[in-house]
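Please open the model in a viewer and keep the selection panel at hand. The tour proceeds from the domains to the boundary between them.

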Amino acid sequence: MLLKGGDAVVEVLKREGVDTIFGYPGGVALPLYDALYESGIRHILTRHEQGAAHAADGYARASGKVGVCLSTSGPGATNLITGIATANMDSVPMVVITCQVTTQLLGKDSFQEADVYGITTPISKHNFMVKDPKFLPDILSKAFYIARSGRPGPVVVDIPKDLFFANIEIDDIPHLPFKGYNPIKEGKSADIDIVIKALAEAKRPLLFIGGGVVISDMSQTLAGLLKKTNLPVIASLLGLSAVDHQYDNYLGMVGMHGTYAANMAISNCDLLLAMGVRFDDRVTGDIDKFAPNTKIAHFDIDPSEIGKIIGVDYSVLGDLSWSLPQVTDKAIVMDISEWLQQLTNWKTEHPLKYNKKDATLLPQEVIEGVSDILADDAIVVTDVGQHQMWAAQYCRTRTPRGFLSSGGLGTMGYGLPAAIGAQIACPDQEVWLFVGDGGIMMNCQELATASEHNLPIKIFVINNHGLGMVRQWQRMFFQGHYSASKHYAGTDFAAIAWAMGVQSLTVKKKCGLKHALEDAKNSQGPILIDVWVEDDENVLPMVAPGAPLTDMME
Amino acid sequence: MKNTISVLVENHPGVLYRVAGLIARRGYNIASIAASSTEEENITRISIVVDVTDERELEQIQDQLAKLVEVIRVVNMTQIDHISREMALVKVNAGEEHRADITNLVSIFRAKIIDVHPDTMVIEATGDVGKVNAFCEMMSKFGIVEIIRTGEIFISRSHKRLIDN
């Protein structure tokens, strides 16, 4: 079938199963937008390209499908960069289509020209600049294959405008060779047997669950393993939604703001089964004192993660959807009651805690309030900062892919557009967003997008009138110098929301919370609740950056 | 410790930029890098000499390179029997009083004089990196005007091709 370039792009998108894309048009993108017109593909017009990138990310994380976003050349494309880097750090499958100036104008500093290939090379899983129209269909479908296979990630396809007018054959097409790209699905079962043997001999084993378990959709299998073995388990930020938080031997999140029990467990276990994690510095603390007398077994799909941060004793390469069922089958039931008792003691002696005040709301109370009324399949989205850590600590998510957060890159402004993407991917599920008064302002224009599509996102602005996490560090490590971390001009977020057609209310006193929670729960459209909380509350416990995990401030 | 790595990549536009960018942003210490076409039209071969502190760092470099979508194969040549060569073009001060000495050294090192100017000579020296270093050292006492080196390239002694291994 011979098609015009723009129609060829639309046809390939349809063949890849794409029904929704997020984007923003502009000069050189117009031919592609013309092909999208009445194409049957739903296009969500965000109010800023960064919003489109994060929305595609939220869509992908919530659904497991490849998220697609689209922009024009130059500034349109550079506005996507933060979203691409965010997805890259957290292994989110995305295809990013950027339109480019015509081939004849390339490299001439033309109007709205930016070297998208050069800019996105270090922050994407892979990227393409299409110069020969006959390769366009192959490159676009390869982009989907690369984005979703192996360790997922964002793939950028940069398409010069003139290609949209070329006549392109899309069925009998030439292929670009990719001899070296053979993602591992199945590793060696013998590697698993070695770990199982070590597990049988371990006295103090511990499971450490990361985002890889979510990506591989292995939460059910993990639950089976836990039920069979009673193994204690901890999670990284991105692994939180993979673990049943009601499980008796679940110890919570590990790391800088992890629970006492989780940090003590990882520091005292004798065998750590690390699954789909990458030993981020926010998890390990001082790497030389991390899990000192522990044998580490690392399960991952990406060979370059093995030994990147820490030397491991055993490695199992392969997709967790291949390895975890085998571990579950082969693991034997062991008597680890003494170890479990120790962990339970740590858990009961050092629970997460905060001291409520009479009048002022504490941020933790707001998050617990939401946690109590979440539907079982609700999706919780966070922005970045203190509220993100409190959400990780106090908000029990009950469904896999039910906790979306920018982990690796820590992108402020991620939350609102990601929640939009999640709600569009999962229209029948509740989507709750926690965001700070700093982060909401970074992409607050997307309230208009939520309003336009009447997306019933429940937005809680945890308002401490400034940059809470920055202030916490300034209190702890910079003699309380609040350098550039207070918002002196009060912003009326309810009025901003109202102006964009989003229902809103402000809660300044404790007594208003209950009512606000009910309003949020029952809202049929987007609702923003600006909750004024204590300004100077700290996220605790905390391990100072670079300190060992056992040095906890409680 | 110095290690030699051969990388076979798809001959796509921008692939060298990709490999060099990875090495730069991950902070690896590169002694030399050389890229060229091969017996296969679609494959480029990149020879890299890296300076690493330990085995783990070396493995990381190899794994990170292998992770690039367009990288077909990464081989640590240090572990296999191989031959390495580098070429240098040395422009050296060669006034009349030194010409005989220089010519003599060129002959000892089995190098080649490829251009002569009244005041200078250009010499082509080929060999393993030790020999090229030694030759440049000997030339330095006459005063080197400029020098250019290709970086080391290496090939295995096995009858097999790297791509077929």
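In this predicted model, begin by displaying the C-alpha trace of chain B and marking the centres of its two domains: the C-alpha centres of domain 1 of chain B and domain 2 of chain B are 29 Å apart. To colour them separately, select residues 2-79 of chain B for domain 1 and residues 83-153 for domain 2, as the domain assignment gives them.

Next, select the residues at the boundary. Five residues of domain 1 of chain B are in contact with four residues of domain 2 of chain B. Between them, the two domains of chain B bury about 310 Å², and 57% of this area lies on carbon and sulfur atoms. Now show Ser32(B), Ala34(B) and Ser47(B) as sticks: within domain 1 of chain B, these residues lose the most area to domain 2 of chain B, together accounting for 69% of what that side buries.

Which polar interactions can be displayed here? The rule finds one residue pair in polar contact across the interface of domain 1 and domain 2 of chain B, with both residues at pLDDT 80 or more. A search for salt bridges across this interface returns zero.

Then switch to a cartoon and select strand E2 (29-37) and strand E3 (43-51) of chain B; each supplies at least two residues of the domain 1 side that touches domain 2 of chain B. E2(B) gives the most to this side, with three residues.

Finally, colour the domain 1 side of chain B that touches domain 2 by residue class: three residues are nonpolar, two are polar and none is charged.

Key:
Residues are numbered from 1 along each chain as its sequence is written. Chains are lettered from A and ligands numbered from 1 in the order in which they are written. This is a predicted model: local features need pLDDT of at least 70, side-chain atom pairs count only at pLDDT 80 or more; totals for chains, interfaces and linings use all residues. Side-chain values use heavy atoms; hydrogens and water are left out. Domain bounds come from an automatic or database domain assignment. Contact means heavy atoms within 4.5 Å. Buried area is the accessible area (1.4 Å probe) that two parts lose on being put together, summed over both. A salt bridge is a side-chain nitrogen of Lys or Arg within 4 Å of a carboxyl oxygen of Asp or Glu. A polar contact is a pair of N or O atoms within 3.5 Å; within protein, one must be able to donate a hydrogen and the other to accept it, and residues adjacent in sequence count only if both atoms are side-chain atoms. Helices (H or I, at least four residues) and strands (E, at least two) are DSSP runs, numbered from the N terminus. Ala, Val, Leu, Ile, Met, Phe, Trp, Tyr, Cys and Pro count as nonpolar, Asp, Glu, Lys and Arg as charged, and the others, Gly among them, as polar.
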